[in-house]
Amino acid sequence: MRLRAYAAYTAITLKLTLRDRVVLFFNFLMPLLFFVAFGEGMGAKTSPGAMSQVLSLVLMFGVLGTGFFGGGIRATMDREAGILRRFKVAPITPAPLLAASMITGWAVFIPSVALFISLARWRYGWDQPLNLGSLLIVVSIGVLAFRSMGLIIASVANSMQESQIIAQLLYMPMLLLSGAAVPLQILPDWLQKLAQFLPATHLYLGTQGILVRGETAWDNRDSIGAMLLAMAVALWVSIKLFRWEKDEKVKPAAKLWIAGVMVPFLLMGAWQLYDKRNETRIRMLERQSRRSQSWLIRDVRIFTGDGAVIERGGVLIRNSRIEKVYEGATPDPDAVRAEALEAGGRTLLPALIDSGIQLPVGKGNPSGDAVERALAAYVYSGVGGLSVVRDPGGLADAVRARVDSGEWLGPEILPGAAPPPVSLTAAQAAAGDLAVIHDDLAQQFFAGPYLQGLAALRGHHQPFPGALEKAAAALRLLFERGELPPPCSAAAGWLQLHGPGLVHELALWVEAGIPPREALRAATSAAAQRAGAASRLGRVREGLDATLLVVDGNPLEDIRALGRIHSVFVRGERIARGELASKNKKSQK
Amino acid sequence: MSDSPAAIRVQGLRKLYGSFEAVRGISFEVAPGEIFGLLGPNGAGKTTTVEILEGLRQRSAGEVSVLGFDPEKETGEVKDRIGVALQATNLPEKIKVQEAAELFAAFYTRSVAVDDLLRKLQIWDKRNALYGTLSGGQKQRLALALALINDPELVFLDEPTTGLDPQVRLEIHTLVSRLKEQSRTVLLTTHYIEEAERLCDRVAIIDEGRIAAMGSPRELQERVLGHARVEVSTAQPMPQELPESWQGQVAISMNDGRTRLSASAAKPARVVVELVRWLESAGIEIEDLHIKRPTLEDVFLELTGKSLRE
């Protein structure tokens with residue numbers, strides 16, 4: 001009998017909801033408008049990352065709307081209209097009414113998830129691997145949790161106006177601070193911290209994690225747990241405070257029950273502030289999103305890394321890999337759904353590999369700014385791979401994990417190997433010539449006072465005259481014997497400059513008589529081979545990581561062209577070099 | 001009252017809202033098959049009393065039994081067995097008549113066939129209409145249908161015709177009368193005197209939380225105001241000499257011109273006969289003659305000093 005009441009009430013609520021045009025408008029039409037508007041506006045066609053962002057945003061709109069307005073205000077309306085009063089005299093409890101609201105909210109929302117995912121797939125060519133089961137679990141629990149929070153609004157509000165005010169007060173901040181509407185990183189620090197306490201943030205990070213990083217529901221178990229707990233509290237409070245008639249008023253103090261629902265999230269937020277996992281996660285999501293942008297580099301000279309040159313061709317980057325290398329004409333960017341990069345007169349080559357560096361140890365803390373700054377300097381200078389030759393701090397593995405996850409921006413950290421026998425840059429410095437700090441890249445990336453300080457410290461050392469010439473002779477000898485080593489900036493040494501050294505080194509190699517083509521091969525495919533990373537780095541070939549460098553001019557004719565960097569791609573992410581440099585300079589002042 | 005146990009038994013019922021005593025010791029019984037009316041102005045305590053009986057409110061003191069159950073402790077049992085048509089309730093705008101009936105049918109252990117019920121209440125034609133499109137009368141007929149969906153022995157009707165136009169009110173009255181034919185017990189609250197007079201076997205007049213009087217409408221009229229009045233008006237002044245048989249039996253009042261007379265008597269028909277004879281023998285022409293019975297309205301006014309309709 002009880003079950004019959006639940007079923008009948010749920011069925012009728014569902015019918016009534018579907019008859020209500022307002023509900024259909026808010027559930028389907030409005031999110032659809034947002035979906036199309038943002039989809040077109042945010043370049044979702046060329047970037048699965050942007051599409052994922054749009055999907056998450058639209059899902060958040062839907063979940064929050066269904067919860068606060070569909071659940072909360074609806075229930076208040078039924079009470080105000082005297083509808084609940086009629087049910088009051090029938091032998092039913094609030095439970096079937098609340099259950100029906102929850103189930104209806106869920107049942108009406110889930111088709112919209114299917115609609116948007118289908119649209120993303122067919123209209124925008126969104127081809128990310130989708131963990132549909134996990135997405136449905138997280139979104140379903142989200143809808144139910146927010147629906148129950150909506151019901152609590154109805155429980156504590158004494159009038160329509162009140163419930164509308166409470167709903168708005170919860171809806172807007174949660175939408176804005178969840179990260180769905182505005183990227184969290186652009187918010188002030190304290191707002192970012194505040195966001196950690198909002199249920200919506202957990203839901204957003206959950207959906208984004210699943211859409212962008214291929215996470216599972218299990219990976220998001222903390223958030224799911226918090227939402228389930230909040231749902232349980234909210235339902236319990238809703239039953240306790242349930243009112244059938246508008247004449248029964250709830251005491252102002254009872255409104256504090258809303259706070260009870262927030263308790264799981266307060267705990268979660270406090271934990272997040274303590275362990276900073278979400279902050280990290282937000283950075284990873286952002287990085288993943290950037291890595292998924294599709295690019296089509298057109299009309300470019302390609303140095304493939306193994307010595308061959310395509311005089312005019314193109315490269316299609318998708319999902320952080322090189323999807324296609326074109327010889328001759330490149331297709332229309334719209335045809336391949338990619339953002340075009342016109343590169344006439346430029347040269348594309350694999351990003352360089354620096355085969356011998358040492359990470360700045362700092363205080364032995366891998367999260368140290370020094371490491372991050374060094375990694376940024378390499379990326380800025382077109383370096384896409386680093387062999388860490390001495391690792392006294394044992395940092396390499398931790399740094400590699402952070403770079404791979406996307407938490408940090410940086411070149412791939414390659415397995416350590418013996419340091420190359422020669423570094424002309426190191427030899428030049430030993431001879432007392434700090435020419436590297438006058439290179440364009442160094443000047444662009446580092447603040448003047450920092451470089452001067454470095455030079456001053458260097459000046460205190462006893463120079464070894466003729467060191468460069470001796471090293472150059474050794475290099476020529478190795479070249480003649482066919483044993484050209486991989487180049488390295490030797491930023492392992494004390495007071496060395498991380499980043500621009502490798503380009504400087506290659507210039508010294510060419511001055512020493514090594515042909516540019518050989519120097520470049522040594523810095524790309526040969527270095528990758530030596531580090532066992534040939535399946536990912538060192539060549540422009542389909543299936544490899546899109547870790548690439550585009551420079552003005554032709555470094556095969558003028559090696560100094562390597563310093564005139566136009567674009568750097570690391571695993572498909574086009575590096576915002578200007579931003580990196582200005583951020584670095586600011587921190588060095 | 002019949003020998004079978006009472007459908008409703010209320011003994012010394014009290015209800016306090018804070019320091020305000022809304023119900024101050026009410027006792028009454030309703031026999032099975034009876035239509036019992038609670039008559040009183042707004043705020044008299046009618047609704048509170050009824051809601052306690054329906055299991056919606058807790059009482060402060062007293063004994064209450066509804067169909068043998070205590071509505072406070074056995075709320076589910078009571079709710080499952082009674083039918084209720086409440087004042088000022090609504091159904092969702094977009095629900096269809098038949099859907100509403102089927103929904104409520106699902107709430108009860110026992111339910112009647114929805115089709116028959118809608119036909120009996122003459123809303124079968126409207127079964128696919130949305131609630132929001134129904135007229136006031138149709139809504140009220142649906143409310144009655146929902147009150148009868150569980151085939152209840154006892155039906156509570158709270159102001160069933162308030163706000164309806166006279167024609168529709170008559171239709172509802174007919175439907176309520178039919179409930180009696182089906183030997184259901186009905187507890188009706190109203191502030192329409194005519195309704196109580198027309199429908200109720202017995203009426204309790206409630207004022208300020210107390211029962212001021214209780215009985216059949218006729219009994220109440222007679223008990224409170226006693227007698228009917230015979231009123232006559234004539235073209236010429238009436239004689240000074242009154243009929244001898246009226247001495248000490250009939251209370252007389254007359255206007256100054258002796259052209260209007262009002263006689264209050266236990267046997268008004270007899271007074272009429274004597275009055276006509278008396279005036280004819282005096283050769284006086286009668287312009288108007290009628291018997292006036294006191295209404296419940298008069299009773300109410302007499303008992304409470306208030307008008308019901310204010």
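Start by selecting strand β8 of chain B, residues 202-207. B:R202, B:A204 and B:I206 point one way from this strand, while B:V203, B:I205 and B:D207 point the other way. In a regular strand, side chains alternate between the two faces of the sheet. Are these residues of β8(B) buried or exposed? Colour them and look around each one: they are all buried, and the strand as a whole is mostly covered, with six of its six residues buried. Keep in mind as you explore that this is a predicted model.

**The neighbours of β8(B)**

Next, add strand β3 of chain B, residues 35-39. β3(B) and β8(B) run parallel and are joined by four bridges. To find one pairing, click on B:G37, whose bridge partner in β8(B) is B:V203.

Now select strand β9 of chain B, residues 210-215. How does β9(B) pair with β8(B), in the parallel or the antiparallel sense? The pairing is antiparallel, over five bridges. Here you can pick out B:I206, which stands opposite B:I211 of β9(B). Follow the chain from β8(B) to β9(B) and you travel round a hairpin with two residues between the strands. Pause at B:E208 in the turn, where phi is positive, at about 50 degrees.

**A three-stranded sheet**

Stay in chain B and select β1, β2 and β4. These three strands form an open sheet in the order β2-β1-β4, with antiparallel pairing. Which strands are at the edges? They are β2 (20-30) and β4 (61-66), and each pairs on one side only. If you look along the sheet, neighbouring strands are turned against each other by 25 degrees on average, ignoring direction.

Zoom in on β1(B), residues 8-17, which is joined to β2(B) by eight bridges. One pairing to click on is B:L16, which has B:E21 as its bridge partner in β2(B). Then show helix α1 of chain B, residues 46-53. The helix lies across β1, β2 and β4 of chain B and runs at about 120 degrees to β1(B).

**Where the chains meet**

Bring both chains into view. How many residues of chain B are in contact with chain A? There are 21, and they touch 19 residues of chain A. On the chain B side, α2 (75-81) and α3 (97-107) are the elements that give two or more residues. The largest share, five residues, comes from α3(B). Colour this side of chain B by class and you will find twelve nonpolar, four polar and five charged residues.

**Into the cores**

Nonpolar side chains tend to be buried together in soluble globular proteins. The largest nonpolar core here has 161 residues. Select A:M60, A:L64, B:A100, B:A101 and B:A145, the residues with the most contacts inside this core. Centre the view on A:L64: leaving aside neighbours within four places in sequence, A:L64 is in contact with A:F146, A:Y171, A:M174, A:L175 and A:A200. Apart from this core lies another, of 91 residues, including A:A377, A:L386, A:L409 and A:A427.

**The two domains of chain A**

For the last stop, colour chain A by domain: domain 1 covers 2-291 and domain 2 covers 346-588. Their centres, taken over C-alpha atoms, are separated by 48 Å. Where the domains touch, seven residues of domain 1 are in contact with seven of domain 2. The domain 1 side of this contact has one nonpolar, two polar and four charged residues.

Methods:
Residues are numbered from 1 along each chain as its sequence is written. Chains are lettered from A and ligands numbered from 1 in the order in which they are written. This is a predicted model: local features need pLDDT of at least 70, side-chain atom pairs count only at pLDDT 80 or more; totals for chains, interfaces and linings use all residues. Two residues are in contact if their C-beta atoms, placed from the backbone, lie within 7 Å. Ala, Val, Leu, Ile, Met, Phe, Trp, Tyr, Cys and Pro count as nonpolar, Asp, Glu, Lys and Arg as charged, and the others, Gly among them, as polar. A nonpolar core is a set of buried Ala, Val, Leu, Ile, Met, Phe, Trp, Tyr and Cys residues joined through C-beta atoms within 7 Å. A residue is buried if 20 or more other C-beta atoms lie within 10 Å of its own, exposed if 12 or fewer, and partly exposed in between; C-beta atoms are placed from the backbone. Two strands pair if DSSP finds at least two bridges between them. Domain bounds come from an automatic or database domain assignment. Axes are lines fitted to C-alpha atoms, for helices over the stretch in contact, and angles run from 0 to 180 degrees between N-to-C directions.
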